[in-house]
Amino acid sequence: RIETDVAGGRSITSKTTYRHAAFHLYGGGVYEDMEDSVWIKGRGNSSWSWPKKPYRLKFDKKVKPFGLKAGKSWVLLSNYQTNSMMTNAIGMKAARLAGTAAANHIIPVDLYLNGSYMGSYNFTEKVGTAGNSTDIDEENGGVMLELDQYYDEPKKFYSDVYYLPVNVKAPDLTAEPF
């Protein structure tokens, strides 16, 4: 169970403005309990328009919730579109079993925001290339690509075979070379 109490009891109404909050993770004897302060904001593209909102959490220092690799940025996925609330968990578990290097951990949690029960969420790492996320070897040509209908990165292309929209997430190809 995760409880977040936003300063002043304010709601999370933005994907761009963080709100400061108290963070409490109750591990139920399976995971170590954790208390800290956190910054929280909305996240997602189409999922932000759903009644059950997804959130991004950002800690001031690296933390290890649920015993995961230390990192500052984490995500609470809302599970709104799937009635089973297991789609992401099963997909990531299958990816791990197949040996995929970038499969996130998925921890199901009950989320309380300012004392109100928000529902069942998936706690997971924020996708990226820093901290507790994917470790790519940019020096040897490693890249992070994302199939995404939003097609919203500065560097992007459509695949030749199926004409799928691909965003280049890393490395930052817009930066000036030395």
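The charged end of arginine 1 sits over the ring of tyrosine 112, 5.8 Å from the ring centre. Such a placement is counted if NZ of Lys or CZ of Arg is within 6 Å of the ring centre and within 35 degrees of the ring normal. Lysine 52 offers another example, lying over the face of tyrosine 121 at 4.9 Å from the ring centre.

A word on the ground rules before we go on. This is a predicted model, in which local features need pLDDT of at least 70 and side-chain atom pairs count only at pLDDT 80 or more, while totals for chains, interfaces and linings use all residues. Residues are numbered from 1 along each chain as its sequence is written, and side-chain values use heavy atoms, with hydrogens and water left out.

## The barrel

Let us turn to the strands. Seven of them make a closed barrel in the order S1-S2-S3-S4-S5-S7-S6, with mixed pairing. From one strand to the next, the twist averages 35°; axes here are lines fitted to C-alpha atoms, for helices over the stretch in contact, and angles run from 0 to 180 degrees between N-to-C directions. Helices (H or I, at least four residues) and strands (E, at least two) are DSSP runs, numbered from the N terminus, and two strands pair if DSSP finds at least two bridges between them. Strands of a sheet pair through backbone hydrogen bonds, either parallel or antiparallel.

The table gathers several of the pairings, each with a facing residue pair.

| Strands | Sense | Bridges | Facing residues |
|---|---|---|---|
| S1 and S2 | antiparallel | five | valine 6 and alanine 21 |
| S2 and S3 | antiparallel | seven | alanine 22 and serine 37 |
| S1 and S6 | parallel | three | glutamate 3 and tyrosine 112 |
| S5 and S7 | antiparallel | four | leucine 77 and asparagine 122 |
| S6 and S7 | antiparallel | seven | isoleucine 107 and phenylalanine 123 |

Tyrosine 112 thus appears twice: as the bridge partner of glutamate 3 and as the ring beneath the charged end of arginine 1.

Strand S1 (residues 2-6) has a neat alternation. Ile2, Thr4 and Val6 point to one face and are buried, while Glu3 and Asp5 point to the other and are not. Buried means under 20% relative accessible area, exposed over 50%, and partly exposed in between (1.4 Å probe, protein chains only). Strand S7 is largely enclosed by the rest of the structure, because seven of its ten residues are buried.

## Aromatic rings

A pair of aromatic rings is described by the distance of the centres and the angle of the planes. Rings of Phe, Tyr and Trp (its six-membered ring) pair if their centres lie within 6.5 Å; planes under 30 degrees apart count as stacked, over 60 as edge-to-face and the rest as tilted. The structure holds eight such pairs. One of them joins phenylalanine 23 and phenylalanine 59 edge-to-face, at 5.1 Å centre to centre with 85° between the planes. That pair links distant parts of the chain, with phenylalanine 23 in strand S2 and phenylalanine 59 in strand S4 (residues 55-63), 36 residues apart. Both phenylalanines are buried.

Ring pairs also link Tyr31, Phe66, Trp74 and Phe123 into a cluster. Phe123 is the residue that serves as the bridge partner of isoleucine 107.

## Loops and turns

Which residues other than glycine have a positive phi? Asparagine 79 has a value of about 60°, and asparagine 114 has one near 55°. Asparagine 79 belongs to the loop between strand S5 (71-77) and helix H1 (87-97) and is buried, with a relative accessible area of 10%. Asparagine 114 lies between strand S6 (107-113) and strand S7 (116-125), in the turn of a hairpin with two residues between its strands. At 26% relative accessibility, asparagine 114 counts as partly exposed.

Further along, serine 159 is found in the loop between strand S9 (156-158) and strand S10 (165-170). Its side chain reaches the backbone nitrogen of leucine 164 at 2.8 Å. A polar contact is a pair of N or O atoms within 3.5 Å; within protein, one must be able to donate a hydrogen and the other to accept it, and residues adjacent in sequence count only if both atoms are side-chain atoms. Leaving aside neighbours within four places in sequence, serine 159 is in contact (heavy atoms within 4.5 Å) with Leu164 and Val166.

Proline 154 sits in the loop between strand S8 (144-147) and S9 and is exposed, with a relative accessible area of 60%. The C-alpha atoms of proline 154 and alanine 7 are separated by 35 Å, and the two residues are 147 apart along the chain.
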